[in-house]
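Visitor: I would like to go through this model and ask what lies behind the terms used for it.
Guide: Here it is, to begin with.

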Amino acid sequence: MADRFGTSIVALGAALSTTWNRFWFTPAPARRLAVVRSLAGGLGLLLAWSWAGDLIAWFGPDGIVSPEVLTAWRSPTGLSLLDAARSSAAVWAFFLLGVVLLGMLAVGAWTPLVAPLAACFWASLLHRGPMLVGPADDILAVMLWCLALGRPGDALAVDRWRAGGAGRAAAPSWRNGLALGLLRVHAAVIAAAAAVAQLKADVWWNGTAAWFLAARESTRVDLTGLLAGSEIITNVVTHAIVLFEIAFAAGVWNRWTRPVVARAGLVVWPLIGLVAGELMWGAAMAILAWACVPDEAPER
Amino acid sequence: MLLVVYLVGLGLCVAANTASGTSRVVGTLKDRLFAPWMVPLWLDLGHDTRLTYGLPEDADHHVEIRRAVSPPARPGKGPATAVLRFPATGDHSERGARWRRLAVATVRAEEDAEQAGVLPAAIGAGLFRAAGDDDLEVRIVRRVAPDYESARSPRRDETALKVRVRRLAGELQLIPLPPAEEVAPLVDPAPPTGGGK
């Protein structure tokens, strides 16, 4: 009896180990990760643009987010390379260097070096003004670190062209599989965490949350007339947002539902972002959804 | 092994960074074992994007700056009471969203003993030059949407925070200002008695 139990445990362990290794370390082609790289670089440039307009007002020598503010605000283990920039010129120089890094990441130039540097720049920027950070900034930080682990410069990249392999596909790499696996885990966790957070509030249960989203001044598309005229539509939009988040978080783990929910995410996440007034967050989630779309290759 | 450690850290960060708070066990584990290396990488995240709870604190906030002491009125023009608004009205951009987050953070921080007063003073001091004065009134306004039942009603502005920030002899001073309704003169609702003939 004990022998049979022991054998079962060993067999279970072996199966888990095989599944674990297959999920994380199966070599994957670079193309999908390369698209994530380009889109993340582009999103990074857009988000960087939103910092640029008030850069000195926030981080300049007499800026709002002064070292005293950071002392009260930032976690003791938080640090930013931007702290060393004491003059307006130095702040701008650091920022423009980061913009160049994001641009190089978007086109895939010197990617093995640029990807971790871009991630460091982004983390530094966010640590310099933590109270100004939005959910899209958070997701971009996660994506940049994942990209730094993979080999996203092996396709659709200046690096590939420089290496003379523009017409040929690079060999699949386990690092791409690891990066895509981590992106999928984060996509599911973010969707699940959002759904859990929303379900704590009455407005997501009584179906009026969509109204409070649409009625904000900051929302780009004015749906107030439509929603005010129909409680049913308001309820449907509210419940659809939560249901999609749950379906996405769970669906990306099943081989039959994954292609559907991941592709749906390419459209639905930006729509949710539009309704919620968080367009950049919706775009960031769409990029994560792209990372979840299965390749034509055998299912991992 | 590193992957397992990271995934455990990811789970603890999500569990520990919620609006509902966290247990001491989860918080301590996360702070001791994971925060020291996940915070610098900006990976200590809760991802609890609630979008809205329909509460006033979820409404759009903005910062308003005006001179605390109005300059003397020019003949025929009345007092100059220019208000700087961050973000500008109708600004739907991500840049505008960052100002709104600053405004929300400023209000929330007033509940924290260590952070209270820090941001309002910093906002005032940081905008002295833009306002052209070293004595400013900083007001955080929230634009609250009506409930669904009264959806046709307009949004209403509420003052979430109002302070006076001034630099006097090189020293920054923060003077809390009570909301207008607390200092409004009381009006006796009783009609005149008609006495005094």
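**Strands and contacts of chain B**

Visitor: In this predicted model, what makes strand E5 (residues 171–176) of chain B count as hardly covered?
Guide: A residue is buried if 20 or more other C-beta atoms lie within 10 Å of its own. Among the six residues of E5(B), the count that are buried is zero, so the strand is called hardly covered.

Visitor: How do you know that strand E4 (residues 156–168) of chain B pairs with E5(B)?
Guide: Pairing takes at least two bridges. E4(B) and E5(B) are joined by six, so they pair, and they run antiparallel. Val165(B) stands opposite Leu174(B), and Leu168(B) opposite Glu171(B).

Visitor: What links E4(B) and E5(B) in the hairpin?
Guide: Two residues lie between the strands, and Ala169(B) in the turn has a positive phi of about 50°.

Visitor: Why are strand E3 (residues 135–144) of chain B and E4(B) called paired?
Guide: Ten bridges connect them, against a requirement of at least two, so they count as paired; the sense is antiparallel. Here Val144(B) faces Arg156(B) in E4(B).

Visitor: What makes a residue of chain B count as in contact with chain A?
Guide: Its C-beta atom must lie within 7 Å of one in the other chain. In this model 50 residues of chain B are in contact with 53 residues of chain A.

Visitor: Which element gives the most to that side of chain B?
Guide: H3(B) does, with nine residues. The residues of that side divide into 25 nonpolar, twelve polar and 13 charged.

How values were computed:
Residues are numbered from 1 along each chain as its sequence is written. Chains are lettered from A and ligands numbered from 1 in the order in which they are written. This is a predicted model: local features need pLDDT of at least 70, side-chain atom pairs count only at pLDDT 80 or more; totals for chains, interfaces and linings use all residues. Two residues are in contact if their C-beta atoms, placed from the backbone, lie within 7 Å. Helices (H or I, at least four residues) and strands (E, at least two) are DSSP runs, numbered from the N terminus. Ala, Val, Leu, Ile, Met, Phe, Trp, Tyr, Cys and Pro count as nonpolar, Asp, Glu, Lys and Arg as charged, and the others, Gly among them, as polar. A residue is buried if 20 or more other C-beta atoms lie within 10 Å of its own, exposed if 12 or fewer, and partly exposed in between; C-beta atoms are placed from the backbone.
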